[in-house]
Amino acid sequence: MLELNNIYKSFNVGTIDEKILFQNFNLNVKNGEFVAIVGSNGSGKTTALNIVSGDVKPDSGSVLLDGKNITKQKNYQRAAKIARVFQNPSMGTSPSMTIMENMSLADNKGKRYDLTKGLNTKRRDFYRSQLELLGMGLENRMETQTGALSGGQRQALALIMATMKTPTLLLLDEHTAALDPKSSDIVMTLTEKVVKEKNITTLMVTHNLRYAVEYGTRAIMMHEGGIVLDISGEKKKQQSINDYLKIFNEISIECGN
Amino acid sequence: MPILIGILEQGAIYGIMALGIYISYKILNFPDLTVDGTFPLGAAISAALVTRGVNPWVCLLCAIIAGALAGSITGILHIKCKIKDLLSGILVMTGLYSINYRIVGMPNMFLMQKPTIFGGIRFPKALFPFRYIIVLFVIVLFVKILLDLYLRTKSGFLLKSVGDNEGLVVTLGKNPGTVKIIGLSIANALVSLSGALYCQRAMQFDISSGTGTMVMGLAAVIIGTTLFRKIRFMNVTTGVILGMIIYKACITAAISSGLRSSDTKLVVTVLFLLTMLLNSVMNKSEGGRKNA
């Protein structure tokens, strides 16, 4: 489904800050998998995600989605099949536009943005029902500008918008990191629900080990551009948060911190 | 009375220009200095074509097209050649100076009894003194409504979101660069139309008539969006046009209080600073919203 083959990536080549991140990095994600990726800072989690989305170009190697080589495609071309929710809640919505306008905008993905009416009033009831599921009262605030919403509300809305047109692949880039514990739990629960319901293949980068344990069908731990742990299925279910912590601490100790 | 009509006429003409700046500066978040060149571009095309006997309405259309072209060049320089927004506008503006000169062939020109859009319509005697303001208001209203309608289309939605959040446009599978180029084309088309109207109303072309366009338009946009923010039922576009009328009234008042007409640009600058001040004061009292 998603393949990263022989990825090489270095930053600041030729300067004193040169950092070789990926050397022959490989990742193979199967259809319907929900992969949680954890790892220390600078381990390459987010860069891996950016290489998939097309925001970062690998030095060499290829990215395949559904067997099709998309390495040369620009980020907005890949977006036709790949949806993404960012860490920053303001990245997923247009703040000066209302909830209704934002949802109409997202609902039109894949179609032409032409001179027909922007608001999709026929789907208002559908949007309302989607918002009701959140239990945040947003269904009564559809004419509110999203800039006036809280981070948790915006992130929940961003997730709904990103999955409105079911994507082939969903990228979640620490999408709960900027939220308070309660909001992040709400968004995580929503995430799992949406991913399961629509059976979307998902890559989720997170700093929260608990989420990696509780959610997803496969867990990957990364360290310095490599995969140090990769478990899925029954084996993942048996792994406790302490097992993750043990490995995580071992890596960190190796680094000397 | 004639002073009031003069202010309204100018407000209408320059109001269209302010709508253009509203698109580039407020919606796209793009400080576009091309406008200082596209305003006289519209005037130049109008002057050159009107004196050659072309239908004055067709002249307006040509000005719109030329303005859109100039705007798209700024956009392409910024997006494709990765030149900074401010610099791309300055480059095109500088180039346009020579182009405007070439179009007319001289630095200034009087239209002298040539037919304009104001001449073609028969007015009843009572309305004859108001013929300019009537025609101009119909045009500005038409442009405003058209722009309002556009901003409610899918394409308009995309335009609004690209200035707000470029990343969102990418996730929607659209190239934000293309959307910006389209936005700049529309903005400069409006500015050029404004220049063409100015030329036909004043019956003259002046190569330096564009100096300060950006500052003037921006001031009107800020006045319009700050003063009328509270009024819910009013569109922002209406506010921008009213902002320009208020702005022109202030300038007229300043000039008639004994300043010379050559002091206009200084008045423009001071007035702009005052608007910025007003804007920050109004924002502070509301708990600090996004700066202009």
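What radius of gyration would a compact globule of 292 residues have, and what does chain B have? With that many residues, a compact globule would come out near 19 Å, and chain B agrees because its own value is 19 Å. The radius here is taken over C-alpha atoms, and the globule rule is 2.2 Å times the number of residues to the power 0.38. Along the principal axes, the C-alpha atoms of chain B fill a box of roughly 55 × 40 × 35 Å.

A few words on reading the model will help. This is a predicted model, in which local features need pLDDT of at least 70 and side-chain atom pairs count only at pLDDT 80 or more, while totals for chains, interfaces and linings use all residues. Residues are numbered from 1 along each chain as its sequence is written, and chains are lettered from A and ligands numbered from 1 in the order in which they are written.

Let's walk along chain B. It holds eleven helices and two strands (DSSP runs numbered from the N terminus, H or I of at least four residues for helices and E of at least two for strands). From the N terminus on, the order is α-α-α-α-β-α-α-α-α-β-α-α-α. Of the contacts in chain B with a separation of 6 or more, 77% join residues 24 or more positions apart; a contact means that two C-beta atoms, placed from the backbone, lie within 7 Å.

Now look inside. Of the 292 residues of chain B, 47% count as buried, that is, with 20 or more other C-beta atoms within 10 Å of their own (12 or fewer is exposed, and in between is partly exposed). The largest nonpolar core has 140 residues, and Ala18(B), Ile21(B) and Leu190(B) touch the most other members. Such a core is a set of buried Ala, Val, Leu, Ile, Met, Phe, Trp, Tyr and Cys residues joined through C-beta atoms within 7 Å. Its largest share, 13 residues, comes from helix α1 (residues 2–27) of chain B. Leaving out residues up to four places away in sequence, Ala18(B) has among its contacts Gly217(B), Ala220(B) and Val221(B).

Gly217(B) turns up again where two helices meet. The axes of α2 (residues 35–51) and α9 (residues 213–227) of chain B come within 7 Å and cross at roughly 100°. Axes are lines fitted to C-alpha atoms, for helices over the stretch in contact, and angles run from 0 to 180 degrees between N-to-C directions. So α2(B) is roughly perpendicular to α9(B), a label for 65 to 115 degrees (under 35 is roughly parallel, over 145 roughly antiparallel, the rest oblique). Val35(B), Asp36(B) and Phe39(B) of α2(B) meet Thr213(B), Met214(B) and Gly217(B) of α9(B).

Another pair is α6(B) with helix α8 (residues 176–202) of chain B, packed at an angle of about 110° with axes 9 Å apart. From α6(B), Leu158(B), Leu159(B) and Val162(B) take part in this contact.

Helix α6(B) also leads us to the neighbouring chain. The contact between the chains takes 19 residues from chain B and 28 residues from chain A. On the chain B side, the largest share, eight residues, comes from α6(B).

Finally, a stop in chain A. Met164(A) lies in helix α5 (residues 151–164) of chain A and counts as buried because it has 20 C-beta neighbours inside 10 Å. Met164(A) touches Ala106(A) and Asp107(A), leaving out residues up to four places away in sequence.
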